[in-house]
Amino acid sequence: MSEELMRALIAKCNATIAAHADELTALDRPIGDGDHGQNMARGFSALAAAADEIAPLPFGQALQKAGTALVMKIGGASGPLYGSLLMAMGKAVEARPAGTKAAAAMLGAGIEAVKARGKSDAGAKTMLDVLVPVQEALAAGATIAQVRDVADAALAATKDMRATKGRAAFVGERSIGHLDPGARSATLLIHAICDVLEAK
Ligand code: ADP
Ligand code: MG
(Lines give C-alpha, C1' and ligand atoms only; values in the text may rest on other atoms or scores of the structure.)
(Ligands and ions follow the chains in the order given, each with its own letter.)
Protein backbone atom coordinates (compact mmCIF):
# COMPACT_ATOMS: atom_id res chain seq x y z
CA MET A 1 0.00 0.00 0.00
CA SER A 2 1.64 3.20 -1.16
CA GLU A 3 1.59 6.48 0.70
CA GLU A 4 -0.29 7.99 -2.25
CA LEU A 5 -3.00 5.34 -2.09
CA MET A 6 -3.42 5.81 1.66
CA ARG A 7 -3.80 9.56 1.11
CA ALA A 8 -6.41 8.95 -1.57
CA LEU A 9 -8.36 6.58 0.71
CA ILE A 10 -8.40 9.06 3.59
CA ALA A 11 -9.43 11.94 1.33
CA LYS A 12 -12.21 9.96 -0.38
CA CYS A 13 -13.63 8.59 2.88
CA ASN A 14 -13.63 12.07 4.41
CA ALA A 15 -15.28 13.64 1.34
CA THR A 16 -17.93 10.92 1.20
CA ILE A 17 -18.83 11.19 4.88
CA ALA A 18 -18.92 15.01 4.68
CA ALA A 19 -21.22 14.86 1.65
CA HIS A 20 -23.59 12.46 3.43
CA ALA A 21 -23.44 13.81 6.99
CA ASP A 22 -26.96 15.24 6.88
CA GLU A 23 -28.34 11.99 5.51
CA LEU A 24 -26.63 9.96 8.26
CA THR A 25 -27.98 12.29 10.90
CA ALA A 26 -31.49 12.08 9.42
CA LEU A 27 -31.31 8.28 9.58
CA ASP A 28 -30.20 8.47 13.22
CA ARG A 29 -33.17 10.68 14.18
CA PRO A 30 -36.10 8.23 14.17
CA ILE A 31 -34.21 5.34 15.82
CA GLY A 32 -31.38 7.13 17.65
CA ASP A 33 -30.37 10.59 18.79
CA GLY A 34 -29.66 12.30 15.46
CA ASP A 35 -25.91 12.68 15.75
CA HIS A 36 -24.39 9.98 13.55
CA GLY A 37 -23.59 12.36 10.67
CA GLN A 38 -21.92 14.94 12.87
CA ASN A 39 -20.05 12.22 14.77
CA MET A 40 -18.69 10.66 11.60
CA ALA A 41 -17.91 13.99 9.91
CA ARG A 42 -15.96 15.14 12.97
CA GLY A 43 -13.96 11.90 13.07
CA PHE A 44 -13.16 11.78 9.37
CA SER A 45 -12.19 15.44 9.13
CA ALA A 46 -9.77 14.85 12.03
CA LEU A 47 -8.44 11.83 10.16
CA ALA A 48 -7.97 13.93 7.00
CA ALA A 49 -6.17 16.59 9.04
CA ALA A 50 -3.75 13.89 10.27
CA ALA A 51 -3.16 12.45 6.78
CA ASP A 52 0.43 13.79 6.60
CA GLU A 53 1.36 11.79 9.70
CA ILE A 54 -0.64 8.69 8.85
CA ALA A 55 -0.11 8.12 5.12
CA PRO A 56 3.70 7.63 5.17
CA LEU A 57 3.52 4.89 7.84
CA PRO A 58 3.62 1.19 6.95
CA PHE A 59 0.05 0.14 6.10
CA GLY A 60 -0.70 -1.73 9.34
CA GLN A 61 0.55 1.13 11.48
CA ALA A 62 -1.33 3.65 9.34
CA LEU A 63 -4.60 1.79 9.92
CA GLN A 64 -3.97 1.60 13.66
CA LYS A 65 -3.22 5.30 13.84
CA ALA A 66 -6.31 6.08 11.78
CA GLY A 67 -8.36 3.97 14.21
CA THR A 68 -6.96 5.92 17.14
CA ALA A 69 -7.84 9.22 15.45
CA LEU A 70 -11.41 8.03 14.91
CA VAL A 71 -11.87 6.82 18.50
CA MET A 72 -10.76 10.17 19.83
CA LYS A 73 -12.99 12.25 17.55
CA ILE A 74 -16.14 10.42 16.47
CA GLY A 75 -17.59 9.93 19.93
CA GLY A 76 -20.92 8.13 20.37
CA ALA A 77 -21.13 4.37 20.13
CA SER A 78 -19.77 4.35 16.62
CA GLY A 79 -16.42 6.02 17.49
CA PRO A 80 -15.02 3.16 19.57
CA LEU A 81 -16.57 0.66 17.13
CA TYR A 82 -15.05 2.13 13.95
CA GLY A 83 -11.83 2.74 15.92
CA SER A 84 -11.69 -0.90 17.05
CA LEU A 85 -12.40 -2.03 13.49
CA LEU A 86 -9.44 -0.13 12.03
CA MET A 87 -7.05 -0.88 14.89
CA ALA A 88 -7.70 -4.61 14.67
CA MET A 89 -7.45 -4.51 10.87
CA GLY A 90 -4.11 -2.73 11.21
CA LYS A 91 -2.81 -5.34 13.64
CA ALA A 92 -3.87 -8.12 11.25
CA VAL A 93 -2.03 -6.69 8.25
CA GLU A 94 0.59 -9.01 6.90
CA ALA A 95 3.95 -7.78 5.69
CA ARG A 96 2.79 -7.43 2.10
CA PRO A 97 -0.98 -7.07 2.05
CA ALA A 98 -2.43 -7.61 -1.40
CA GLY A 99 -5.54 -8.99 -2.94
CA THR A 100 -9.04 -9.96 -1.98
CA LYS A 101 -8.12 -12.77 0.44
CA ALA A 102 -5.79 -10.52 2.42
CA ALA A 103 -8.54 -7.91 2.58
CA ALA A 104 -10.98 -10.58 3.80
CA ALA A 105 -8.60 -11.70 6.55
CA MET A 106 -8.00 -8.13 7.65
CA LEU A 107 -11.68 -7.20 7.68
CA GLY A 108 -12.44 -10.46 9.51
CA ALA A 109 -10.09 -9.44 12.32
CA GLY A 110 -11.69 -5.99 12.43
CA ILE A 111 -15.18 -7.47 12.63
CA GLU A 112 -14.19 -9.69 15.56
CA ALA A 113 -13.02 -6.56 17.40
CA VAL A 114 -16.31 -4.75 16.68
CA LYS A 115 -18.30 -7.76 17.91
CA ALA A 116 -16.24 -7.90 21.10
CA ARG A 117 -16.41 -4.16 21.74
CA GLY A 118 -20.13 -3.89 20.88
CA LYS A 119 -21.07 -7.24 22.47
CA SER A 120 -22.99 -7.77 19.26
CA ASP A 121 -23.21 -9.80 16.10
CA ALA A 122 -24.85 -9.62 12.70
CA GLY A 123 -28.66 -9.51 12.90
CA ALA A 124 -28.87 -6.77 15.54
CA LYS A 125 -29.40 -3.99 12.93
CA THR A 126 -25.97 -2.38 13.12
CA MET A 127 -22.92 -1.69 10.97
CA LEU A 128 -22.10 -5.39 11.38
CA ASP A 129 -25.02 -6.24 9.10
CA VAL A 130 -23.07 -4.65 6.25
CA LEU A 131 -19.50 -5.47 7.35
CA VAL A 132 -20.12 -9.21 7.82
CA PRO A 133 -21.67 -9.93 4.38
CA VAL A 134 -18.97 -7.82 2.71
CA GLN A 135 -16.28 -9.80 4.53
CA GLU A 136 -17.93 -13.07 3.46
CA ALA A 137 -18.06 -11.85 -0.14
CA LEU A 138 -14.36 -10.93 -0.05
CA ALA A 139 -13.50 -14.31 1.43
CA ALA A 140 -15.36 -15.90 -1.50
CA GLY A 141 -13.28 -13.85 -3.95
CA ALA A 142 -15.81 -11.14 -4.89
CA THR A 143 -14.92 -8.45 -7.43
CA ILE A 144 -15.13 -4.75 -6.55
CA ALA A 145 -18.48 -4.48 -8.36
CA GLN A 146 -19.82 -7.45 -6.39
CA VAL A 147 -18.61 -5.95 -3.12
CA ARG A 148 -20.57 -2.77 -3.84
CA ASP A 149 -23.71 -4.77 -4.62
CA VAL A 150 -23.37 -6.92 -1.51
CA ALA A 151 -23.00 -3.81 0.65
CA ASP A 152 -26.04 -2.14 -0.93
CA ALA A 153 -28.23 -5.23 -0.50
CA ALA A 154 -27.04 -5.71 3.08
CA LEU A 155 -27.84 -2.08 3.90
CA ALA A 156 -31.34 -2.41 2.41
CA ALA A 157 -31.91 -5.53 4.52
CA THR A 158 -31.37 -3.56 7.74
CA LYS A 159 -34.66 -1.76 7.08
CA ASP A 160 -36.85 -4.68 8.14
CA MET A 161 -34.66 -5.68 11.07
CA ARG A 162 -35.52 -5.01 14.66
CA ALA A 163 -32.61 -3.42 16.56
CA THR A 164 -31.35 -5.34 19.57
CA LYS A 165 -28.09 -3.40 20.11
CA GLY A 166 -27.20 0.25 20.45
CA ARG A 167 -29.57 3.15 20.98
CA ALA A 168 -32.05 1.88 18.37
CA ALA A 169 -32.76 -1.13 20.62
CA PHE A 170 -34.56 1.28 22.98
CA VAL A 171 -37.28 1.93 20.41
CA GLY A 172 -37.76 -1.82 19.92
CA GLU A 173 -40.46 -2.63 17.34
CA ARG A 174 -40.41 0.97 16.11
CA SER A 175 -36.90 0.46 14.77
CA ILE A 176 -38.46 -1.72 12.04
CA GLY A 177 -38.94 0.19 8.77
CA HIS A 178 -35.82 2.37 9.08
CA LEU A 179 -32.34 1.85 7.67
CA ASP A 180 -29.62 1.64 10.30
CA PRO A 181 -27.41 4.77 10.24
CA GLY A 182 -24.20 2.84 11.03
CA ALA A 183 -24.98 0.34 8.28
CA ARG A 184 -25.37 3.31 5.92
CA SER A 185 -22.04 4.86 6.97
CA ALA A 186 -20.33 1.48 6.57
CA THR A 187 -21.82 1.19 3.07
CA LEU A 188 -20.65 4.70 2.17
CA LEU A 189 -17.12 3.90 3.34
CA ILE A 190 -17.06 0.61 1.41
CA HIS A 191 -18.14 2.45 -1.76
CA ALA A 192 -15.47 5.11 -1.17
CA ILE A 193 -12.76 2.45 -0.78
CA CYS A 194 -14.00 0.55 -3.86
CA ASP A 195 -13.92 3.76 -5.93
CA VAL A 196 -10.32 4.51 -4.92
CA LEU A 197 -9.09 0.95 -5.48
CA GLU A 198 -10.80 0.81 -8.86
CA ALA A 199 -9.21 4.08 -10.00
CA LYS A 200 -5.68 3.18 -8.96
P1 ADP B 1 -24.77 6.74 19.34
O2 ADP B 1 -25.69 5.56 19.15
O3 ADP B 1 -23.97 6.65 20.59
O4 ADP B 1 -25.49 8.04 19.18
P5 ADP B 1 -23.87 6.94 16.61
O6 ADP B 1 -25.17 7.58 16.34
O7 ADP B 1 -22.66 7.66 16.12
O8 ADP B 1 -23.68 6.64 18.15
O9 ADP B 1 -23.82 5.50 15.94
C10 ADP B 1 -24.94 4.66 15.89
C11 ADP B 1 -24.60 3.42 15.09
O12 ADP B 1 -23.62 2.64 15.76
C13 ADP B 1 -25.78 2.48 14.91
O14 ADP B 1 -26.56 2.84 13.79
C15 ADP B 1 -25.13 1.11 14.75
O16 ADP B 1 -24.84 0.80 13.40
C17 ADP B 1 -23.82 1.28 15.49
N18 ADP B 1 -23.88 0.55 16.78
C19 ADP B 1 -24.41 0.98 17.94
N20 ADP B 1 -24.26 0.04 18.90
C21 ADP B 1 -23.60 -1.00 18.32
C22 ADP B 1 -23.13 -2.28 18.79
N23 ADP B 1 -23.29 -2.67 20.06
N24 ADP B 1 -22.48 -3.08 17.89
C25 ADP B 1 -22.30 -2.69 16.62
N26 ADP B 1 -22.71 -1.51 16.14
C27 ADP B 1 -23.36 -0.68 16.96
MG1 MG C 1 -26.51 8.59 17.48
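Buried is used here for a residue with under 20% relative accessible area, exposed for one with over 50%, and partly exposed for one in between, with a 1.4 Å probe and the protein chains only. The structure is a predicted model, in which local features need pLDDT of at least 70 and side-chain atom pairs count only at pLDDT 80 or more, while totals for chains, interfaces and linings use all residues. Residues are numbered from 1 along each chain as its sequence is written, chains are lettered from A and ligands numbered from 1 in the order in which they are written, and side-chain values use heavy atoms, with hydrogens and water left out.

**Exercise 1. Two lysines in one loop**

Task: Locate Lys 119 and Lys 125, describe the phi angle of each, and decide whether each is buried or exposed.

Solution. Begin with the location: Lys 119 is found in the loop between H7 and H8, and Lys 125 likewise lies in the loop between H7 and H8. The helices are DSSP runs of H or I with at least four residues, numbered from the N terminus, whereas strands are runs of E with at least two.

Next, take the backbone angle. Most residues other than glycine have a negative phi. Lys 119, however, has a positive phi near 45 degrees, and Lys 125, which is not a glycine either, has a positive phi of about 65 degrees.

Finally, turn to accessibility. Lys 125 counts as buried because its relative accessible area is 1%, whereas Lys 119 counts as exposed because its relative accessibility is 65%.

**Exercise 2. The surroundings of Thr 126**

Task: Place Thr 126 in the chain, classify its accessibility, and list its contacts beyond four places in sequence.

Solution. Thr 126 belongs to the loop between H7 and helix H8, the latter running over residues 128-139. With a relative accessible area of 14%, Thr 126 is buried. A contact means heavy atoms within 4.5 Å, and once its neighbours within four places in sequence are left aside, Thr 126 is in contact with Lys 165, Asp 180 and Ala 183. Of these partners, Asp 180 is also listed among the closest residues around ligand 1, which is the subject of the next exercise.

**Exercise 3. The site of ligand 1**

Task: Describe the shell around ligand 1, its polar contacts, and the pocket that holds it.

Solution. Start with the shell, where a residue is near a molecule if one of its heavy atoms lies within 4 Å of it. Ligand 1 is surrounded by 20 residues, the closest being Asn 39, Ala 77, Ser 78, Ser 120 and Asp 180. At least two shell residues come from each of helix H3 (36-49), helix H6 (78-92) and helix H10 (181-199), and H10 gives the most, with 3 residues.

Then consider oxygen atoms of ligand 1. A polar side-chain atom of Asp 28 lies 3.0 Å from one, a polar side-chain atom of Arg 167 lies 3.1 Å from one, and a backbone N or O atom of Gly 182 lies 2.9 Å from one. Taken alone, ligand 1 exposes 570 Å², of which the protein buries 93%; these areas come from the Shrake-Rupley method with a 1.4 Å probe.

As the last step, ligand 1 sits in the second largest pocket. A pocket is an open set of points on a 1 Å grid over the protein atoms alone, with protein on both sides within 12 Å along at least five of seven lines, and a molecule sits in it if more than half of its atoms lie within 2 Å of its grid points.

**Exercise 4. Ile 111 and Gln 135**

Task: Work out how Ile 111 in helix H7 and Gln 135 in helix H8 are placed and what they touch.

Solution. Ile 111 lies in helix H7, which spans residues 99-118, and it counts as buried because its relative accessibility is 4%. Not counting residues up to four places away in sequence, Ile 111 touches Leu 85, Leu 128, Leu 131, Val 132 and Gln 135.

Gln 135, found in helix H8, is buried at 17% relative accessibility. With the corresponding exclusion of residues up to four places away, Gln 135 touches Ala 104, Leu 107, Gly 108 and Ile 111. In addition, the side chain of Gln 135 reaches the backbone oxygen of Ala 104 at 2.9 Å.

Technical notes:
Polar contact = N/O pair within 3.5 Å; in protein donor to acceptor, adjacent residues only side chain to side chain. 1 Å grid on protein atoms, 1.4 Å probe; cavity = no way out; pocket = protein on both sides within 12 Å on 5 of 7 lines; lining within 4 Å.
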